[in-house]
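User: Got a minute to go through this one with me? I'd like to get my bearings before I head back to the bench.

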Amino acid sequence: MSSMCSTSAESSTSYEKRSLLRSQPVGTHKIHYNASDEWDFVLETPQSIDMSLVLPHFRARHQPVEHRLSMYVGSESSPIKLKVCRPMPRSKFYLEVQAATSNVTVWLPSDFKGHIHYPGRASFSAGFVNRMMANIRLNEEMWDKWDGDEVLVETGGTVTFRMWDVHTNTPENQPKETWKRLFGCARKSPETSMNWDFLLDD
């Protein structure tokens, strides 16, 4: 069985056992290693979510070297906006978003290297395509254990991925990245079934 399937099954079991609200669904939240639980961060709420999840720049005292920080966010139909902010590349992570019909937008750190799984089609920002796509595998089967960066999104709504720039510690400069994309100043990305509507964004 693939890593994605096994991880999803485990998280579903955890979700059924525990409906937890550990944080307000807006603002900034620092992620910390939680040795006593399956997840390092859990948020489940019917409210709209607009959060920055800040990964630590150091490994916790009792955190295993191979441990990747795990984050779970669940909702029903309200919009979900998540920015994963990573000041140091050593903080590998697993992010799972489960929703019924929520529109989901996720900003991932520009040094992300790993797998992304999502249903149907997804939209990708210009910065994401310019600087991240070459290091990412989209909806690929995983037959071997993967302990690097990974994102799983399940929703009946729209899915959008954008870039969080690790060099400026801010979301991408969308106009700048779009111009790069339009005039061929960025590296050519591999062929993917993506939604190019980002070129219409303001």
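User: Which residues form the aromatic cluster?
Analyst: Tyr-118, Phe-124, Phe-128 and Phe-161 come together as one aromatic cluster. Keep in mind that this is a predicted model.

User: And how many aromatic pairs are there by that ring-centre rule?
Analyst: The count is eight aromatic pairs.

User: What lies over the face of Trp-107?
Analyst: That's Lys-83, at 4.1 Å from the ring centre.

User: OK, switching to strands. How many helices and strands does the chain have?
Analyst: There are three helices and 14 strands.

User: I keep looking at E11. Why is it largely enclosed by the rest of the structure?
Analyst: Strand E11 covers residues 149-154, and five of its six residues are buried, so the rest of the structure largely encloses it. Buried here means under 20% relative accessible area.

User: Which way does E6 run against E11, parallel or antiparallel?
Analyst: Parallel. Strand E6, residues 93-98, pairs with E11 over five bridges. One of the residue matches to look at is Val-97, whose bridge partner in E11 is Val-153.

User: How many bridges does E8 make with E11?
Analyst: Four, and that pairing is parallel too, with E8 spanning residues 114-117. Ile-116 has Val-151 of E11 as its bridge partner, and His-117 is matched with Leu-152 in E11.

User: Ile-116 and His-117 are neighbours in sequence. What do side chains do along a strand like that?
Analyst: As a general rule, side chains in a regular strand alternate between the two faces of the sheet.

User: Which strand do three bridges join to E8?
Analyst: That would be E10, residues 136-138, and E8 and E10 run parallel. In that pairing, His-115 stands opposite Arg-137 of E10.

User: Zooming out, how much of the chain is buried?
Analyst: Of its 202 residues, 48% count as buried.

User: And what about the exposed area, what do carbon and sulfur atoms supply?
Analyst: The chain exposes about 10,600 Å², and carbon and sulfur atoms supply 51% of that.

User: Last one: what share of the contacts joins residues at least 24 apart?
Analyst: It's 73%, counting contacts in the chain between residues at least 6 apart in sequence.

Terms used
Residues numbered from 1 in each chain as written. Predicted model: local features only at pLDDT ≥ 70, side-chain atom pairs only at ≥ 80, totals over all residues. Heavy atoms only, no water. Helix = DSSP H or I, 4+ residues; strand = E, 2+ residues; numbered from the N terminus. Buried < 20%, exposed > 50% of the residue type's maximum accessible area, 1.4 Å probe, protein only. Contact = heavy atoms within 4.5 Å. Areas by Shrake-Rupley, 256 points an atom, 1.4 Å probe, with all protein chains shown as cover. Pairing = 2+ DSSP bridges. Phe/Tyr/Trp six-rings, centres within 6.5 Å; stacked < 30°, edge-to-face > 60°. Lys NZ or Arg CZ within 6 Å of the ring centre and 35° of its normal.
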